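Me: Could you take a close look at one part of this model for me, and then walk me outward from there to the other local features worth checking? A connected account would suit me better than a list.

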Amino acid sequence: MTSDWRNLSYDILAESGEDVEEMKKNEFPPIPDPGLLSGVSLSLKTNLLKSLFFYRSFNNRRLTHTAGIGAIGIATVVSDPKFPPNDFFTPERVFPVRLRHANLTLSDDRVLDVRSASLKFANVEEGGPLDLIMNTGRACPFWNGPTVKDFMASKAGKKELKEWLHKNSSYYYWAIDGSRRAPSSYSKLSYYSQVTMEMIDNECTSHHVRFRLIPADYCGHDDGRPDERDQRNYAEEWDVVRAENDTRAPNYLHAEFKGLFANGGAVHYALQLQRRYVAPGDSLEVYNMGRAWDPDRHPWLDVARVTLFRALHPDVTERLQFNVANLPSCVVLPEAPSFEDYRSIGHLRRALYAVVQKARLWKFNSCAPPSTGVSYRFTVDTVDTKQGGYDGDVHVIFFGSEGETGALKLHKSRMFGDDFGKGEKSSFELKAEDVGELWAVQLTLANKADGWFIGMMTVEKGGVSVQFPCFHWVYEQAIIRLGKATLAFNDSPEQQAIRALEKQARREMTPWQEWCSMPSHIRATLHADLARDYQFGDEKTADFYMRRDEGRFNYFYKLITEGVAKVFKEIQGYHHYNTFFHFNVGQNKVPSVAERWQSDREFGRQFLQGHHPTSIRRVVGKLPYNFPLSDESVRMVLGRNVTLKDEIDAGRVYIVDCKSLVGIPTATGRHVTPAMGLFYVNASNDFVPLAIQLDQQPGLHNPIWTPADTFNDWLLAKMHLRCADAQIHQINSHLLMTHLVIEPFGVSMFRNLPRVHPVFKLLCPHLRYTMAINTIGRAKLVGDQGLADQVLSIGRGGHIVYIKRCYSNFDFRRLSLPYDLAERNVSDASLLPTYYYRDDGLLIWNAVHRFVADLIAIYYASDDDVRNDDEIQEWIGEVHTIGFPQNDDDVDHHVPSRFDAIDDLVDALTAIVFTSSAEHAAQNFGQYDYYAYYPNAPMTMRQPPPSTRGATTTKSIIESLGGTDQVSFQLLTVWLLSTKSRDEVYLGQFPEAHFVDPEARVVIAKFQEDLKEIEACIDERNRHLEVPYTYLKPSEIPKSIAV
Ligand SMILES: [Fe+2]
């Protein structure tokens, strides 16, 4: 039909002798002001109509729009809406949708009839946040109560119909405007909501709106417009027959619509709205559905793109229920004050839909049994965690290659306890349509607020069993994909839409929070603010709060300090430090380091094999200019015939340089100095200290201390170096370089990768608890009055200044162990033979790298696949731009902004997995062993560093160290931070089977074998060591940063 189509109704009326101009004048008589009894009258008349509709509905499955065809898809709100911002249609928001097309009156598609499109903004059979019920026709031949009554009367017969058409020129006009004879497709028509609603924008301003749905490529003209004959004979022949030459099947529109989805095809519509401001005293005319709004004055604005992927099974379509009352809070169907008011049309539609659906439910129980069916055995595991169970009705829908089943209720009802108890496996035999090869399961929970922590789900059909790993909390509704990992470009449009919906939901629960000049993190003040999926699990939470609860912390703190006070008033000798362990909440035993802490051999060994293994670097060429150490000063250690230069050239001299602490403020009464320590690999391969300079500027009052000094001078110098190193360890190496830099990868992963993505499956167990521990850490560790304030010399503000300084120098490449070792010139095992952090770390690094590479190779065939994986690019893109802000004075952080090759992706993933597991273990779990005995590694010094030789005594050393409160705090803090939880998952363990692909299972098994070999190798080495190095034993490495 072309644009020259005309609505001839006025001409036809005129030809039949009607005074059309007079009719037009009277077509909308003034609406009487509502009187006292208007409300009562409205109610009575509505009830009358309701009875009539109920009676008719009871005798028909549907009163109107009887034969429908449904489809499933998504609606995506346009990215740049021209309509007022509101909290429902937000830019880029994606909704699952169901749509149903039907004819208004007749089941024969070939006759003249009004056609409809009902759009539900949810993938459910009834309910949902918004239903739009639309018909062909820019306006409607009834617009208030009396005109509805006229319309109903017209249904009695041809005579009544003709009388109706001649009663009001707009009746005829809009009847013609909305009718379509034998259109080529439902997808070629435009559909109008035919009711004026109010939309409240984010500024609380109201707008009148009307919606329409049009083909995405709409040319402005509908298919199937009635020709002159149809228009003239509207009252005579419209309901009689199809056109004689139309030999198509009566339901050809259904077949045609279904055919649009063949071979992965999709149907595209655009949802639009017209809007008018609501102003006080607005004429009621704005609600008059007997008039279309002028599109030149009120242009149609794009709301959303609607893409349909697949026709619904006829049984499922049959059960769909739409209701104009399903509206979001920002869209209102205004109340009507009287039966004559234009707003009564909305009032009546709301009332009548409810009654019609009730009649259907009574008569037909809504559900038609499946016309064909197979048996599905559905099994669901409820995770054994506190409140993991669920009590209430559940409906499942199976998605398959041939469509989807209807909603199947899981019948299970217990008198006591949850229907799905924690730790239980529940099985159901379900009969439903055969939907082919299964690829997803949708769960809908009736008790929307109650979460359900679901583990693995299994569906068996025809002897074939497939797995759907969930392993997350389900609220209200969730679609769980088949366990096989896929990349987006290998998915169908429908599967891609489900990915989009999942990411959208997770973006809402994973908002970014920028943190001035530090890596960004999840927005949450308290652990309880986090989404349930990100909170610690049951055991971990219990452990965490048992150990970290402030009250208990304070209780143990009191216990220790008061207990100690009973033994001695002030610490007077080193043996007193042992007393603290008698009141220890943990092991009640003094760490073995207390036996040997004063020896140089132990002091050096700890820098190599202790709790902070990344502070040393080899001296290359010469010493720093500000460390003027003479050969004479170190003669005692090096021996008479060797010069420092010889030893540097031989690669045996190493340095710990704390220059990054220069200018960092300390808490009142506490001291730290940017010390430098020089170490040496001696002939026995021991790593021993050569000299210590306590400040960066050499000078008379900054002597270089060596083992040749008095025992106490040298011991105090070593303590100051250790104290400086402790600040760097806690804030930089531990907090920043593991906890804080890993979190952005997790936040972005949860926002950008769906669970079916192989990288999500790989990273999730490594990143899942980091947001939880960091949220707690930001409040309780580095926040005001936090543990850092209590235990560190640079606490109470300096520590924040220091994190920022460290972040300004952060280089992502340092998360790669080989790169970091090379940077520090400590890769060569022949020069530095007992550096077990390096040796064990490289074994782990290589195993992780192999594992990641093999896994990625299953899913990415080429570099092009990486480049074309939009999800992985969005993931790393967001990490780059939001996760790691690049401030003006920062070095280049080298965080990738995209991946162009498989190798780049594998390297980055290896660094993330390694840092969140092995690196954190190496930096975290040695804390108790070395910090618990305070003099070995004080985190606070109460006196400035010594400046003259020979003045230090044991008493002055003890006065320099922390008092009983600081000793207690340090002991408790490192005990808390070094303890593993009972439900810890270790590297190589996969209790949550995210990967179910056989190829991936093979790669996992190989990784586990590799780790077993590494474990054996470390154990064998350790058998010969005085102090075994155990922090990088795979069985001791938690998978994620959780403490
Ligand atoms: Fe930690």
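Reply: Asn-825 has a relative accessible area of 29%, so this residue counts as partly exposed. Please keep in mind that the model is predicted. You will find Asn-825 in the loop between helix H24 (817-823) and helix H25 (836-859). Its backbone deserves a look too: phi of Asn-825 is near 55°, a positive value in a residue other than glycine. Most residues other than glycine have a negative phi.

From there, step back along the chain to Arg-796, another residue that is not a glycine and yet has a positive phi, here about 60°. Arg-796 also sits in a loop, the one that runs between helix H22 (787-791) and helix H23 (798-808).

A positive phi turns up in a strand setting as well. Strand S21 (residues 512-515) and strand S22 (residues 518-522) pair in the antiparallel sense, with three bridges between them. If you would like a landmark for that pairing, take Gln-513, whose bridge partner in S22 is His-521. The hairpin of S21 and S22 has two residues between the strands, and Ser-517 takes a positive phi near 60° there.

For a contrast in exposure, go to Asp-222, in the loop between strand S8 (206-215) and helix H7 (228-232). Asp-222 is buried, because its relative accessibility is 0% and the cut-off for buried is under 20%. The side chain of Asp-222 has polar partners: one contact, of 3.0 Å, is with the side chain of Arg-180, and another, of 2.8 Å, is with the side chain of Ser-190.

Finally, do visit the iron ion. Its protein donors are His-734 through NE2, His-739 through NE2, His-920 through NE2, Asn-924 through OD1 and Val-1043 through O, at 2.1 to 2.6 Å from the ion. Along the sequence, these donor residues follow the spacing H-x4-H-x180-H-x3-N-x118-V. Within that set, His-739 and His-920 link distant parts of the chain, as they are 181 residues apart. His-739 belongs to helix H19 (residues 711-752), while His-920 belongs to helix H28 (residues 902-924). Both His-739 and His-920 are buried, whereas Asn-825, where we began, is partly exposed.

Conventions: Residues are numbered from 1 along each chain as its sequence is written. This is a predicted model: local features need pLDDT of at least 70, side-chain atom pairs count only at pLDDT 80 or more; totals for chains, interfaces and linings use all residues. Side-chain values use heavy atoms; hydrogens and water are left out. Donors are N, O and S atoms within 2.8 Å of the metal (3.2 Å for Na, K and Ca); water is not among the atoms, so sites may look incomplete. Helices (H or I, at least four residues) and strands (E, at least two) are DSSP runs, numbered from the N terminus. Buried means under 20% relative accessible area, exposed over 50%, partly exposed in between (1.4 Å probe, protein chains only). A polar contact is a pair of N or O atoms within 3.5 Å; within protein, one must be able to donate a hydrogen and the other to accept it, and residues adjacent in sequence count only if both atoms are side-chain atoms. Two strands pair if DSSP finds at least two bridges between them.
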